[in-house]
Each structure stands twice: as C-alpha cells, then as structure tokens.
Amino acid sequence: MLSIENVSVAFAAGSRVLLAVDRVSLEVKKGEFLCLLGPSGCGKSTLLKAIIGLVPVQGGRIEVRSDARVHPPAVMVWQEPTLIPWRKIRDNVALSLELRRVAAAERHAAAERALASMGIAGFGDYYPRQLSGGMRQRAGIARALVADPPILLMDEPFAAVDAQTRRLLQDQVLALSQELRKTVIFVTHSIDEALLLGDRIAVMSARPGRIKTIIDVPFPRPRGTEVRRSAEFQDYEERIWTLLKDEAARAEVAA
Amino acid sequence: MVGNTAAAPRAEASLLPPEKSRWRLALEGALASSAPVIGALLLWQIVAETGVIDRTFFPPPSRILLKVWQMNAEGLMAEHLLVTSQRFLLGFLLGAVPGVLLGLAMGWIGIFRVIFDPIITIIYPIPRIAILPLFLVIFGLGSPPIIAVTALICFFPAVVTTYAGVKGLDPNLPGMARNLGASRLQIMTKIALPASLPVMFAGLRLSLGLALTGEVSAEFVAATNGIGAEIWRYWQIYRIEEMYANIVVVSTIGIVLSFTLLRIQRRLLSWDEGVELMR
C-alpha cells in the first residue's frame, strides 16, 4: 500500500543542518494499523508530513500504491485539530467535498454521517471554538473520514486532550479502524496506545529518527480495551519500554 | 419556618430576568449608548446659554444645528459636502485598496515581503501630510493633490494591518487544505483571504479616520472649496457659528462611514463576533 524507502528529511536550523529523519524504510500493508512510536522530537510527525508532501525529502522515495485512483491518497489527522475557525463544524468536516465541488446537500449529509460516527452528531452548526478540545479532535477525525482516503495518517491526535477523553477517543478509533479496515499510520509516544491500537509498532530512535525495531502486536482482532488487563500486554509494555528508555533519555538531554 | 418555605419560591422567581423582546433590547442598547452623548450636549447647551462659557467661542449646540439647517437651505453646504465626499472617497479607495492588496501579497508571496518590508518600515514614520507640498508641485491646485495625500494616508495602515493579519494565520491551515486536495487558488480564496478579513477591516477603519483628518487638513491650505476650505475661510472671517456648522457636517461624514464599515464587518465576520460574545 505504502512503501517508504531510505527516506531522509533535513531542516536548516540557523547555519546548521538538522537531520530529522535518517534513512527510514517502512512497508505498510493494505488495511494495516501501523504505530510509529518514539520519544518527543524523533521525527515521527516529520515523516508523516513527508508522506503528504508537506516537507521535502532529502533522499529515498515514498510510494503509495492504491488500486483506486483516489485523491488525495493519504489524509492527515493533525495533532492540533486544525479546524478553520470561521467555518461551522459541518463546513469544516465537509471541506474535502467542497474542494471537489460536491453539491451542498450531499456534503451536508456526508458531514452528518461522519459527525455521528464520531459521536458528535448535531454539532454541525457550532463554530470550532464553541466546542471542547476533545470534540474538536473528533471533528478533525470526522473531516478525514469524509475525505475517505485509502490511507489515514494520525499525528498524535490525542496528545492535546485530557486523559479521560483520550481513553474514550482511543476506544472509538479502535472500533472505527476495525470497522472501516483502513490503512492507518498512527504516531504516538504512548506505548499503551500503540499496543492497544496497532497491528505493528515501529519503534523509533531519538533524533535523527531511525526505525530501531518493528514489533508485531500479538492481540487478535477484533480487540477491545480489555486487552490492557492481560499479562501479555503488560509484558509487551515492559519490553518496549526497555527498548525506548535510552532513546527517551537521549531525547530529553538533546532538548 | 413556615414563612421561610413560602418565601423561597418567590425569591427564586425574582432571580430570573424578565423576558425582553429583541426589539426592546435593541432600543435599550441604543438609549444606553446615546444617553451620555445627549447628556454632554445638554450640559453644553446649559452652560452656553447661562454664559458660564463664552458663547462667541462655544455657541450652544441648538444654534449650531440651526446654522447647519439654515446654511443648507441657502445652498451654502451641499456643493462643499459633495466635493469633500468625492475627494475623500476617491482617496480612500485609491489608498486602501492597493494597500490591502500589497499587504496580502507581502503575506503570501516571499519576494514581495523581501522587497517591501524594509521599504514600508522606513517610510512608515514619515508624516504623510508633509508630502502635500510635493503633490501641489506635481498636480497643481485643486482636487488631485488632496486625493493623492488622502490615498497616501490610507495606504500605510491598510498595508501594515493586512500584512500582520496574513502572518498571524495558523501555519497548519494551508497545509491541511492542500492535503485535502485544495489548489493554490482554493487555498487563497478559502483559507488565506477569509483569515485576513478581520484585520483587514481593522486596518480600513483605522485608515478611514486618519484619512478624513488628512483630507480636511489638506483642504485648509490647498483648496478653495470643500468643507475643510470652508472651515478655514469662516475662521479667517471670524464666523464661528458657520465654522462649527461645517465641523458638524464633516464629522457626520466620518461617523456615517465608520458605522457603515462596522456594519459590513459585523455581517461578514459574524463568526468572530460570536467568539467575542462568548468570552
């Protein structure tokens, strides 16, 4: 579905060149939920931006293979929901259809469906600032669902919401991803979140970001949040933390 | 005890504000905001009539309004009002529209920013009215130099505020729209332009007030007609009431235009207004 080969991304930081992503290779299969796990500032988000062409890559190549000629092939759910403040939630959520000049009635129907599937039906007439952070993030996910791309890129979508909302949103994304069978790349720095949601977890090193190892998550689907309570889950959590500990420490020193 | 329980519901009921219609709320709002103005005018009227202040310099408002009406009836007002309005509106359009466009260009296109940012920074502190004699040399007497100086005065606040508005845009929004398939044109029309509207209007309203001041000042020295020239002429022949009447008329232009712009702004930017009201 998506293959990333030897991709590097560098930024100019003053007079120095900062290598954010260092020769990353990843193969993501159709319908797979891949989590990118790594310490803060390891280039996870940068890699997503490179996939949608928002930052230029220095080397290597990114290829999306999709049978349907869908545009855009990969849609981002942003860390901050990045809603347009002067548009009502409905018109934010239906933006991709508006850009494709779909008729208003059809757009509104699609927006309502997406809002309902994210549990915020009936909030279409509100402006973004009238909603809570969690509801705004739901609207951000609904916007990506309306665009209906083969690949969904999620950039720490729950980083900015409180812990309880986070758990609710995790449940919802888990259920949705199993229902829609979309290809998802999900960036997170939470081991628990990666184990709960992912089929595979690509563990990244501190900057410059490299893929340190890829872990297959053994829990069968459909899975629910009860997997958290299994001994195996806790065992994996420990193992991954051992892998990440040094990287997290390095990231902290660097920052 | 019995008295307490009986009193409780009544107290609760009185805590709820009585229902008011929209119309009544609007009327009350208008009365509340005009009361201080009317009060001040009344006070002026009283102190002028009783001779506490010198009526030669501060004629009572009633006499000034009467004078406006009389002068208008004698045909001494309309021509000058028309001339001033034309100069002012032309100057405003010729200055503010290019100003807004340059501000947008500077915000969106790197090369414009690189070229104009330092130029604007250097020129901005120069008092624009000081350029008037140069325009008199170039254009001669009459309307053109006055329109030119008005345009120049409008230009800078329009550029600076619009530019600031585009720069203040959430940097992720254009990328988000592009990711959803927006073309460059769609990013401009659906993201960048509406995002810049609030500050653009702030810039236009700022320009408006400054430009009217500039236009009248220019008319003082460089015109034979127009309200500014009339104010100056009546000062020279020591006709204070006529002077006041013209000041009232020129102020009315400013008030009317400022309110018009505010109304357009409210209609276009209701989302912004809603946010303000919620805080």
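Start at the hairpin of chain A: select β1(A) and β2(A), which form it with two residues between them. In the turn, click on Gly14(A), whose phi is positive at about 65°. Keep in mind as you go that this is a predicted model.

**Stop 1: the strands around β1(A)**

Now colour residues 2–13, strand β1 of chain A, and residues 16–28, strand β2 of chain A. The two run antiparallel and are joined by nine bridges. To find your register, pick Ile4(A) and look across into β2(A), where its bridge partner is Leu26(A).

Strand β1(A) also pairs with β4 of chain A, so add residues 59–64 to the selection, as in the definition of a pairing by bridges. This pairing is antiparallel as well, over five bridges. Ser3(A) is a good place to look: its bridge partner in β4(A) is Glu63(A).

Before leaving β1(A), stop at Asn6(A), which is found in this strand. Which sign does the phi of Asn6(A) have? The value is positive, near 50°, in a residue other than glycine. Is Asn6(A) buried or exposed? Asn6(A) counts as exposed, because it has 12 C-beta neighbours inside 10 Å.

**Stop 2: two more backbone details**

Jump to Thr82(A), in the loop between β5 (74–77) and α2 of chain A. Thr82(A) is another residue other than glycine with a positive phi, here near 55°. Its surroundings can be counted in the viewer: with 22 C-beta neighbours inside 10 Å, Thr82(A) counts as buried, the cut-off being 20 or more.

Then go to the loop between β9 (211–216) and α8 of chain A, where you will find Pro222(A). Show the backbone from Arg221(A) to Pro222(A): the peptide bond there is cis, with omega near -5°.

**Stop 3: chain A as a whole**

Zoom out and show chain A as a cartoon. You should be able to pick out eight helices and nine strands. Along its principal axes the C-alpha trace spans about 50 × 45 × 35 Å. The radius of gyration of chain A is 18 Å, which agrees with the value near 18 Å for a compact globule of 255 residues. Of those 255 residues, 46% are buried. For contacts in chain A with a separation of 6 or more, 72% come from residues 24 or more positions apart.

Next, colour chain A by pLDDT. The mean is 88, and 98% of the residues reach 70 or more. Which element of chain A has the lowest mean pLDDT, and which the highest? The lowest, at 84, belongs to helix α8 (residues 231–254) of chain A, and the highest, at 95, to helix α2 (residues 89–93) of chain A.

**Stop 4: the two domains of chain A**

Give each domain its own colour. Domain 1 covers 2–73 + 151–254, and domain 2 covers 80–148. Their centres, taken over C-alpha atoms, are separated by 25 Å. Where the domains touch, ten residues come from domain 1 of chain A and eleven residues from domain 2 of chain A.

Select helix α6 (residues 163–180) of chain A next. This helix provides four residues, the largest share of the side of domain 1 that touches domain 2. Colour that side by residue class, and you will find eight nonpolar, two polar and no charged residues.

**Stop 5: across to chain B**

Bring chain B into view. Chain B has twelve helices and zero strands. Of its 279 residues, 30% count as buried. Among contacts in chain B between residues at least 6 apart in sequence, 72% join residues at least 24 apart.

Finish where the two chains meet. The contact takes 20 residues from chain A and 16 residues from chain B. To see the side of chain B that touches chain A, select α8 (172–179), α9 (184–222) and α12 (270–278) of chain B, the elements that give two or more residues to that side. Which of the elements gives the most? That is α8(B), with five residues. By class, this side of chain B holds nine nonpolar, six polar and one charged residues.

Technical notes: Residues are numbered from 1 along each chain as its sequence is written. Chains are lettered from A and ligands numbered from 1 in the order in which they are written. This is a predicted model: local features need pLDDT of at least 70, side-chain atom pairs count only at pLDDT 80 or more; totals for chains, interfaces and linings use all residues. pLDDT is the predictor's confidence in each residue, from 0 to 100. The radius of gyration is taken over C-alpha atoms; the globule rule is 2.2 Å times the number of residues to the power 0.38. Two residues are in contact if their C-beta atoms, placed from the backbone, lie within 7 Å. Domain bounds come from an automatic or database domain assignment. Ala, Val, Leu, Ile, Met, Phe, Trp, Tyr, Cys and Pro count as nonpolar, Asp, Glu, Lys and Arg as charged, and the others, Gly among them, as polar.
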